[in-house]
Amino acid sequence: MKIERFEDIEVWKLSREIISRIYRITETGNFCRDFELKRQIRRASISIMSNISEGFERRSNKEFVHFLFIAKGSAGEVRSHLYITYDLEYIDIHDLNDLKSRLEIISKSLSGFIKYLRAN
C-alpha cells in the first residue's frame, strides 16, 4: 500500500490512540492534580504523533528519518513517565503494562520505518 498522507501511516494511528489513553488517565484521581507530570506526559505523547506527521510532510527521506528519531525518543520519554505514574500510584499495573506494550510497538515500528527509509 502506498502512503499518500500521514494519516495512512499505521504508526501514526497507533500514536493517536496513545494520546487518547494518556489524556483519559491524566484526568483521573491524583494524576489530574499533578500538573507538571500531567503536562509533560501529554506533551511527550503528542510529540510522537506530531513528529511523524511533520516529518512526512517535509517530503524528504532524510528529514523524515530525523523526525522519526525524535518521535522514537518521545515514545521512550512517555514510557519512562509511565513508571513514575505507576510508582506514584496514579495508574495500576494493567495500565502500565498495556501502555508500555503499545509504546514498545510504536518504537519498534518507528525503527523499522527508519530502516526502510534509509535503504531507499
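Helices here are DSSP runs of H or I with at least four residues, numbered from the N terminus. The model is predicted. The exercises below work through its helices and loops.

**Exercise 1. Find where E89 lies, and decide whether E89 is buried or exposed.**

Solution.
- Step 1: place the residue. E89 sits in the loop between α3 and α4. E89 follows α3.
- Step 2: check the accessibility. The relative value for E89 is 70%. The cut-off for exposed is over 50%. E89 therefore counts as exposed.
- Step 3: look at the backbone. Phi of E89 is positive, near 65 degrees, and the residue is not glycine.
- Step 4: set this against the general rule. Most residues other than glycine have a negative phi.

**Exercise 2. Do the same for R59: where is R59, and what is its phi?**

Solution.
- Step 1: R59 belongs to the loop between α2 and α3.
- Step 2: its phi is near 60 degrees, a positive value in a residue other than glycine.
- Step 3: R59 has 57% relative accessibility, so R59 counts as exposed.

**Exercise 3. Check the length of α3 against the expected span.**

Solution.
- Step 1: take the helix. α3 covers residues 61-87, which is 27 residues.
- Step 2: work out the span. At 1.5 Å a residue, α3 should span 39 Å. The factor of 1.5 Å is applied to one less than the number of residues.
- Step 3: compare. The end C-alpha atoms of α3 are 39 Å apart, which agrees.
- Step 4: repeat for α4. Its 27 residues should span 39 Å, and its end C-alpha atoms are 39 Å apart, so the two values agree.

**Exercise 4. List the buried residues of α3, and say which helices they pack against.**

Solution.
- Step 1: the buried residues are F64, V65, F67, L68, A71, S74, A75, V78, H81, L82 and T85.
- Step 2: recall the helix repeat. An α-helix has 3.6 residues a turn, so residues three or four places apart point the same way.
- Step 3: find the partners. The buried residues of α3 pack against α1 (10-25), α2 (35-57) and α4 (93-119).
- Step 4: take one example, A75, in helix α3. With 0% relative accessibility, A75 counts as buried.
- Step 5: name its contacts. Beyond its neighbours within four places in sequence, A75 touches I48, L103, I106 and S107.
- Step 6: add a distance. A75 and Y86 are 11 residues apart in sequence, and their C-alpha atoms are 17 Å apart.

**Exercise 5. Describe how α3 packs with α2 and with α4.**

Solution.
- Step 1: know what to report. Two packed helices are described by the angle between their axes and the distance between the axes.
- Step 2: start with α2 and α3. Their axes come within 8 Å and cross at roughly 160 degrees. Angles over 145 count as roughly antiparallel. α2 and α3 are therefore roughly antiparallel to each other.
- Step 3: give the handedness. The crossing of α2 with α3 is left-handed. This contact has 15 nonpolar, eight polar and two charged residues.
- Step 4: turn to α3 and α4. Their axes are 9 Å apart, at an angle of about 165 degrees. α3 and α4 are therefore also roughly antiparallel to each other.
- Step 5: finish the pair. α3 and α4 make a left-handed crossing. The contact between α3 and α4 has 19 nonpolar, three polar and five charged residues.

**Exercise 6. Which residues of α4 are buried, and what do they pack against?**

Solution.
- Step 1: the buried residues include D95, L96, D98, L99, K100 and L103. Further along, I106, S107, L110, F113, I114 and L117 are also buried.
- Step 2: these buried residues of α4 pack against α1, α2 and α3.
- Step 3: look at L96, in helix α4. L96 has a relative accessible area of 4%, so L96 is buried.
- Step 4: list its contacts. Outside its neighbours within four places in sequence, L96 meets L82, Y83, Y86 and I91.
- Step 5: add a distance to the chain start. The C-alpha atoms of L96 and K2 are 34 Å apart, with their positions 94 residues apart along the chain.

**Exercise 7. Decide whether R21 is buried or exposed, and name its contacts.**

Solution.
- Step 1: R21 is in helix α1.
- Step 2: the cut-off for buried is under 20%. R21 has 16% relative accessibility, so R21 counts as buried.
- Step 3: apart from neighbours within four places in sequence, R21 contacts D95, D98, L99 and R102.

Notes
Residues are numbered from 1 along each chain as its sequence is written. This is a predicted model: local features need pLDDT of at least 70, side-chain atom pairs count only at pLDDT 80 or more; totals for chains, interfaces and linings use all residues. Side-chain values use heavy atoms; hydrogens and water are left out. Helices (H or I, at least four residues) and strands (E, at least two) are DSSP runs, numbered from the N terminus. Buried means under 20% relative accessible area, exposed over 50%, partly exposed in between (1.4 Å probe, protein chains only). Contact means heavy atoms within 4.5 Å. Axes are lines fitted to C-alpha atoms, for helices over the stretch in contact, and angles run from 0 to 180 degrees between N-to-C directions. Angles under 35 degrees count as roughly parallel, over 145 as roughly antiparallel, 65 to 115 as roughly perpendicular and the rest as oblique. A crossing is left-handed if the near helix is turned anticlockwise from the far one by less than a right angle, and right-handed if clockwise. Ala, Val, Leu, Ile, Met, Phe, Trp, Tyr, Cys and Pro count as nonpolar, Asp, Glu, Lys and Arg as charged, and the others, Gly among them, as polar.
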